[in-house]
Amino acid sequence: MAAAQSDRDPPSALCAEFLNFSAKDTASRWLAAADLQQEVYAHLAVYVPRILCLGPSGSSSSREEQREELACQLLLLAPLEWLLLGEEPATGLALLQEKNQPSPLCGHVFKVGEPTYSCRECAADPTCVLCMQCFLGSVHKEHRYRMTTSGGGGFCDCGDAEAWKKGPYCQKHTPTETRDTEEDPVAQLPPDLVARGYSIFSIILKYAVDMLTWEQDDQLPAGLEPPEKGDTYYCMLFNDEVHTYEQVIYTLQKAVNCSQKEAVSFATTVDRDGRKSVRYGDFQFCEQAKSVIVRNTSRQSKPLRVEVMHSSVVAHQCFALKALSWLGQVIQYSDGLRRILCQVGLQAAAEGENSSLVDQLMLNDSKMWKGARNIYHQLLMNSLLMDLKYKKIFAIQFAKNYRRLQTDFMEDDHERVVSVTSLSVQLFTVPTMARMLMVEENLMKTIIKTFVDHLRHRDLQGRFQFDRYTAQQAFKFGRVQSLIGDLKYVLISRPSEWSDQLRIKFLEGFEAFLELLKCMQGMDPVVRQVGQHIEMEPEWEAAFTLQMKLTHIISMIQEWCSTDERVLIEAYRKCLSALSHCHSSLPDGEQPISLSLAGHCVETFRYQVSQDKVSIHLPVCRLLAGLHVLLSRTEVASRFPEQLPLGELSPPLLIELPLRCLVLCAQVHAGMWRRNGFSLINQIYYYHNVKCRVEMFDKDVIMLQVGASMMDPNHFLMIVLSRFELFHIFSSADCRKRYREANKDVVQQNNTLIEEMLHLIIMVVGERYVSGVGQVEAFDEVRREIVHQLSIRPMAHSELVKALPENGNKETGLERVIDSVASFKKPGVTGRGLYELRPEWNKHFNLYFHHYSRADQSKAEEAQRKLRRQNGEDTALPPPLPPPLCPLFGSLVNLLQCDVLLAVEGAVLQWAVEPSGGGWTESMLQRVLHLVGVALLEEHQQLENSSGDDDVTFNYTAKITRPGEAPSTSGSVLALLESLQNAPHLEVHKDMITWILKMVTNIKTMRERTSSASTVTISQGQGPEETVRDKDKAERKRKAEMARLRREKIMAQMSEMQKHFINENKELFQQSLEELEASTSAAAEHSPLSSEPSCVSQVCVGPRRVGGAERRQLVTCILCQEEQEVRGHGRAMVLAAFVQRSTVLSKNRRRNLPDPEHHDPLFMHPDLSLGIHTASCGHIMHATCWQRYFEAVQLKEQRRQQRLRGHTSYDVENGEFLCPLCECLSNTVIPLLPHTHSPDHSVDHPNLEAWLRTANQQIAVLHFAHRKQSDGVAEGAEPAVPEGFRVDFTPQNPFSSSVSEMITTFSMSTYKVGLKVNPNEQDHRVPVLIWSTCAYTIQSIERLLMDEEKPLFGSLPCRQDDCLSSLTRFSSACWTAAPATTTHTHFIRLLSALVPDSQVENTPCILDIDMFHLLVYTVLSYNSVHSLDQSGRSGVDSAHLHLLHLVTVAHLVQVLLTSTTEEVCMDQDSLATEEEELTCQLYNTLRKHLGSVLPEVTSGWQLFHCVKVGVLPFLRAAALFFHYLNSTAPPADLLVAGPGQWEALCSYLSLPSNLLQLYQSQHTLLEPLIHRWCCHPGVRQTLQGGGVIVRFPRESNRLIELPEDYSVLINQASSFTCPRSGGDKSRAPTLCLVCGSMLCSQSYCCQTEVDGEDVGACTAHTFTCGAGLGLFLRVRESQVLFVAGKTKGCFYPPPYLDDYGETDQGLKRGNPLHLCTERYRKIERLWRQHGIAEVIGHAQEANQTLVAIDWQHL
Ligand SMILES: [Zn+2]
Ligand SMILES: [Zn+2]
Ligand SMILES: [Zn+2]
Ligand SMILES: [Zn+2]
Ligand SMILES: [Zn+2]
Ligand SMILES: [Zn+2]
Ligand SMILES: [Zn+2]
């Protein structure tokens, strides 16, 4: 309406002014004016409200927009441009650009979804990205890069030297001449231009800022008030994050009376732009809408924001945005103008600080609507951020305002991407800028302080307290986390040089950070719950979120400290004093307790983890541990340790809190904290998890190492024992007794605690792979992690990445190491590439690797033992050789030989003498043996390294030889070990004990030969008898193991057979649908293929055909296991089947789906645009058994629906069920029918002419009879009735009622699915649809065999073979269920296409008929006509053969008519063959009939070639058809692929191998037919371009070509806009793999109504493109989507892999992705085999969450 109106009624006043207005004159008038601003404002005041916002904007047409745009340009912007340039703007700007020396920055601003690239080798940090253009022209495309999709905002860093360690410029942005970056670009401009620039930019920028920050609805700033002010208002709706789309749409429909569609459009715009006027009119009118909206949305939450604004205010705001965009454009032409704008923007106004225009914008950011923010942010990026000088000044302003901006952001309910605070990434990640801001604006401290101040929930001790915090607080907590991101940017690159200023400011920041950590130290304390379970799970996630977010910051701060010794020592001091502050709360006033064991004494706190408060959060301790390790790496530590502030430490105090935390974990593990619920379990989980462990668990272990290295080892261990609450067990002589008497739970608990404690000691003394603790590099640390991951099993790249901690740059260091320890195995068509540990690294395996979970540990142990057995080695898993310790930690080794540990070891070994009755565990023993092993390795190592003269102080062997001093032990540790060696109950540990004893012997030998530097290796010195005995035993063990494995495998196989064999073989199943051989399929049926050697002259059609043999078919019902013979009169047997519509063969996807009620399917068009496909899993049941089964399924479904709503993976109401054996999706059953009889050789075989004559007579009789039936009387003479032909004859039904019933069942399913109608047995189309699915299925299988170059016969899997055979035989019998006249009429109509019949109307021309379908239909429908012939003189077989001949000739003609033989000059030397001559003859006959419509072709060779190739698929399909119809064995030549097919095929079909003879031999008979075919008006019309010409052979359909590089697709998708909402970016661009259309999926804008229901773009598309079935690629997600109908779908792995052979669904990892052709072909094959629906079914069965997805909205 609106558009039409504005057409008729243009704003004529304006129109006149348009013509008279001169921008040039206006500009010169302004130039002359005294007060330029006043003049410009006056102009704007007049024109802006007259150009913009003149009516309801919801309905404004694009024409209207164009008019506005034009008027703005001509009347408002052009004068400004004239004024600025002083000449014709186009010329002026071109000149400016020409003279400009552009900065090398690319600065391309990213759109949502656009691909961005970062180089993992050269980028300064992961925020440095390139746009696609720059990336392709850069050196980084050869490097290891990462690809992501942009979330919008941010720009390309190409040209920023600081962002890249190497290659900062792409080819395009490489600076041509060395340019002085300090040079002022303004100096390049003419001075008068500069002056005008300043004044215009100031006026316009000020105008825009004033308007955007304007808060009055009815007034305008001074000078802008319109000359006349009408009563025209807008009702403006603003965006918020509280109300949902649905709420807004619903409210709008009510409030402004708009349609659903308009409401959706309003809501979409509000969401995108932040505001939208929803009504235009007088004040009252708008006010009314406002109150309805407010009333309707205020119930549950705060109401939607709505304002009624005067149209002139809205108009000026609109123009302000346009003006800002204009500024952005103008400065693109000249760096000088850009700098002028920067200056104008940042110039402080008279009001003083923070008063520049840019400041005003920033400070009002949270008040502006989204659209305004986006435009001014964009301008900031184009101006300030592109000018290096002003970027700095801006950064300072930004830092100065930081606190306030963040505070505003906390209150703002918009996402961060539209907040000005998100610009921090552009400023803080530039290292020099970050440093400058830190020094000048104390940025680090500011950020941390702001952060701490915003987290206000504290407990009495000032610690954070997150429990009981509200949703509002949670929201704020989410917001405040972005500050951590800013801090990360600031710290992301370490300084290479330190100034004193930087040191001071960093340490100030560090102190602020310590304050933050102090608030976290001890938060969320827990107390063990005894007796009762806790009532409510305490909140724990917030604290861990904080910890997780800070993890990288903590690591980065340590990295900063590590680069400067002075800073490090000072930071260490500060941290230490912070820790003492935290410790002040420890109960030191209490009486200490005194412990004594093994002759040593120590005093400690009275504290028990199991009774007192304990917290997992100890960031201050852990930071100190981290700094301590750094100190250990410095030179000071090795040379002047006295200079370190170590003296201030009390080691027992240092270890106290971390030890408590580790004991807590042990106790949780021992089950002592069960009543504390899941929150504690979760906390413990995260404590060890890769995301947190670096700054939690790892540091606690280090802190214990720090403490232990500074304490008497005996004291350390006694405190550990005491904290584990195990001291009493080892301290007294009768401990064993007490221990035994205790109750069983306690014994078990203590056993676990002892295991955990021993493990802790192993870690404290053995974990040395941290640079600073041991003498290793970061490289070694990563490598060790990988070795241990791969010791569990081979892993994919992404699994390894997940198992390793990432640093702040999202790097794990994996790539540098992986190839040195592992070999890569490429993936197949499924699965992913795997890394396998190289064998030489097995010896580095440590069973007690500290990052193993218990499950990992046992898996790794099993894998390693298995490996060793396979290699014929003993199964001992001794500790690997540890790296040497750093000096500061050197004394740790003394733990191994201290008296307390020896006492503990002795005690455990002593217990182990007796078989365990619960008093000890094997794990305990195993750990002790490990510790003994570590000690021996240490001693061995020290001996080897000693030069001989200095005595090795570490003497473990001596100590374990001495009898035990501890009260409980009787013998020495060594003696105990020797006695345990052959203990029968310790068989498993025998190898390890043997290894230990050998080590002891070795070391003794070494000690004896102290002077000679002997190196005795460990592996030697085994007695020969011992080896033999061991080998024997190993062999026996191996055999037993093998037998066990075999048994297990058989058991597993059996259980698979019984249940869910698909589920468990999913992988296998998906590999190839066709490989699945149905084991119980009709075994006797396919014997002709294999067992019967086929004779040479096998014929499948016509009187000479070889009969289907009177073989009995015996089949077994899968449900009752009974055997049954297939007989027409017997119990019906059925085959589970799935019928679906298909467009797989379609050559015309534009054809509309047929109207179900009026569609006449009798003639299939050769474009095959819609077919019906039938498939089967090949499983056979009794009809009755199946019916019972299906009823049970229905009943179950009813019950399920009563209980809960939702879908199952199959649609029971539409007859779907899963095959009871293989769970294959099915929706009907095909009845099995017996073989057809062998031909009757006693009857005549009329020639074609005679047969045609008879047929014509029969038809004439039928015509007459039909007429008589319908009109009551028949006119004309009764035609002559052929002998024995009885029209009223009703043939006896050859089938039992149960078989007939199943015939109807399958007929109805096909009818229902094929036409999408309700079942109707009386519909005359029923038999046609059955013939159709028979023909279509055969055709599609023929195509598959052809394309896969498989032989026509013998290569089909049983299930397809069974399916085709049943389907074909069924089709030939289905007429028995239909009324006789129906099939007769069909036959008459079908035949009239070949033999034109004047009594039949509307026969299509031969170019519009698929000949194979015609063949199948005529053959199958003739059966019913033939049944009337009671003469017994003619066989049905000769009729079949004649029909085949006729159709073949018609097809020849069809092929010739559509052949486009471009005349190519061929050698005409060789004599034309007979075939070629005949082809030419036929072609010329056709030309005689059609004339110039057909081109002249002289090359017979070419024509014949065309014919042969074109007709082949038809012949192959026909061979399949008659093979299955008549059960004739195929000739040997067709059982193999390759040459010789043609002759074999022709002879099998009883055709001359020179097909043209068909025509030649019946020349006189066929000539008139051909003439009449050609004269059908449709032929001429089609050939002249009036219809779809299908050429033969029809090319097979393939899925679309995909690019090799995935980023090409991403780029394509990022420039794709939603087709419905005018140029908007689509959120989920999705590519149809069938036709290549890009769709706007999963979005309101592109929903379409299909059958009365709104569906998403993908679902809607499937109905036009795939008859309800679709294959898509979701580009943003890198995910394939299968959709079937409205309710079913699943995701499928995409055919794109990274270099590690893995897909990246969701594009999370960002490795470059490349097309894997094999996988794509696999998807294609799935589609062409019609297997998609089944894949969806299986996916949904396996994963119930898929069922709940609303697929129709995608
Ligand atoms: Zn770029
Ligand atoms: Zn570039
Ligand atoms: Zn690079
Ligand atoms: Zn049965
Ligand atoms: Zn099955
Ligand atoms: Zn859309
Ligand atoms: Zn499509």
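Which residues coordinate the zinc ion (ligand 2)? In this predicted model, the donors are three sulfur atoms and one nitrogen atom, namely SG of Cys134, SG of Cys158, SG of Cys170 and ND1 of His173, at 1.9 to 2.3 Å. The angles among the four donor atoms run from 101 to 117°, and the site of the zinc ion (ligand 2) is tetrahedral. For four tetrahedral donors the ideal angle at a metal is 109.5 degrees. Along the sequence, the donor residues of this ion follow the spacing C-x23-C-x11-C-x2-H.

Cys134 has a further role in the geometry of the site, as a bridge between the zinc ion (ligand 2) and the zinc ion (ligand 1). These two ions lie 4.2 Å apart. Cys134 belongs to helix H7 (residues 132-136), whereas Cys170 sits in the loop between strand S2 (145-151) and H8. The two cysteines are 36 residues apart, and the pair links distant parts of the chain. Cys134 counts as buried because its relative accessibility is 2%. The same term applies to Cys170 because its relative accessibility is 3%.

Another metal site involves the zinc ion (ligand 3). This ion is coordinated by Cys119 and Cys122 through SG and by His140 and His143 through ND1, at 1.9 to 2.2 Å. The site of the zinc ion (ligand 3) is tetrahedral, with angles of 100 to 117° among its four donor atoms. Its donor residues are spaced C-x2-C-x17-H-x2-H in sequence. Both histidines of the site, His140 and His143, are buried.

Helix H8 (191-212) leads into another part of the description. The loop between H8 and strand S3 (233-238) contains Glu228. Is Glu228 buried or exposed? Glu228 counts as exposed, because its relative accessibility is 66% and the cut-off for that term is over 50%. Computed along the chain is not the whole picture for this residue: Glu228 and Val46 are 182 residues apart in sequence, but their C-alpha atoms are 8.9 Å apart in space.The protein as a whole has 65 helices and 25 strands. Of its 1754 residues, 57% are buried. Among contacts between residues at least 6 apart in sequence, 77% join residues at least 24 apart.

Two helix pairs show how helices pack in the model. Two packed helices are described by the angle between their axes and the distance between the axes. Helix H29 (residues 697-709) packs against helix H33 (residues 744-766) at an angle of about 75°, and their axes are 9 Å apart. H29 and H33 are therefore roughly perpendicular to each other. On the side of H29 the contact is made by Phe697, Val701, Leu704, Gln705 and Ala708, and on the side of H33 by Leu760, Met763 and Val764. Seven residues of the contact of H29 with H33 are nonpolar, one is polar and none is charged.

How do helix H52 (residues 1380-1394) and helix H54 (residues 1436-1458) cross, and within what distance do their axes come? The crossing is at roughly 45°, and the axes come within 10 Å. H52 and H54 are therefore oblique to each other. H52 contributes Phe1387, Leu1391 and Leu1394 to the contact, while H54 contributes Leu1443, Leu1446, Val1447 and Ala1450. The residues of the contact of H52 with H54 comprise seven nonpolar, no polar and no charged.

The remaining features concern the backbone. Most residues other than glycine have a negative phi, and most peptide bonds are trans. Ser1550, a residue other than glycine, has a positive phi near 60°. Ser1550 is placed in the loop between helix H57 (1541-1548) and helix H58 (1556-1561). With a relative accessibility of 13%, Ser1550 counts as buried, because the cut-off for that term is under 20%.

His1730 is not a glycine either, and its phi is positive at about 60°. The loop that holds His1730 runs between helix H63 (1717-1728) and helix H64 (1732-1742). His1730 counts as buried because its relative accessibility is 8%.

Which residues does a cis peptide bond join? The bond lies between Phe1592 and Pro1593, and its omega is about -5°. Pro1593 is found in the loop between helix H60 (1577-1586) and helix H61 (1606-1614).

Technical notes
Residues are numbered from 1 along each chain as its sequence is written. Chains are lettered from A and ligands numbered from 1 in the order in which they are written. This is a predicted model: local features need pLDDT of at least 70, side-chain atom pairs count only at pLDDT 80 or more; totals for chains, interfaces and linings use all residues. Side-chain values use heavy atoms; hydrogens and water are left out. Donors are N, O and S atoms within 2.8 Å of the metal (3.2 Å for Na, K and Ca); water is not among the atoms, so sites may look incomplete. Four donors count as tetrahedral if all angles lie between 85 and 135 degrees; four count as square planar and six as octahedral if opposite donors are over 155 degrees apart and all others between 65 and 115; anything else is irregular. Buried means under 20% relative accessible area, exposed over 50%, partly exposed in between (1.4 Å probe, protein chains only). Axes are lines fitted to C-alpha atoms, for helices over the stretch in contact, and angles run from 0 to 180 degrees between N-to-C directions. Helices (H or I, at least four residues) and strands (E, at least two) are DSSP runs, numbered from the N terminus. Angles under 35 degrees count as roughly parallel, over 145 as roughly antiparallel, 65 to 115 as roughly perpendicular and the rest as oblique. Contact means heavy atoms within 4.5 Å. Ala, Val, Leu, Ile, Met, Phe, Trp, Tyr, Cys and Pro count as nonpolar, Asp, Glu, Lys and Arg as charged, and the others, Gly among them, as polar.
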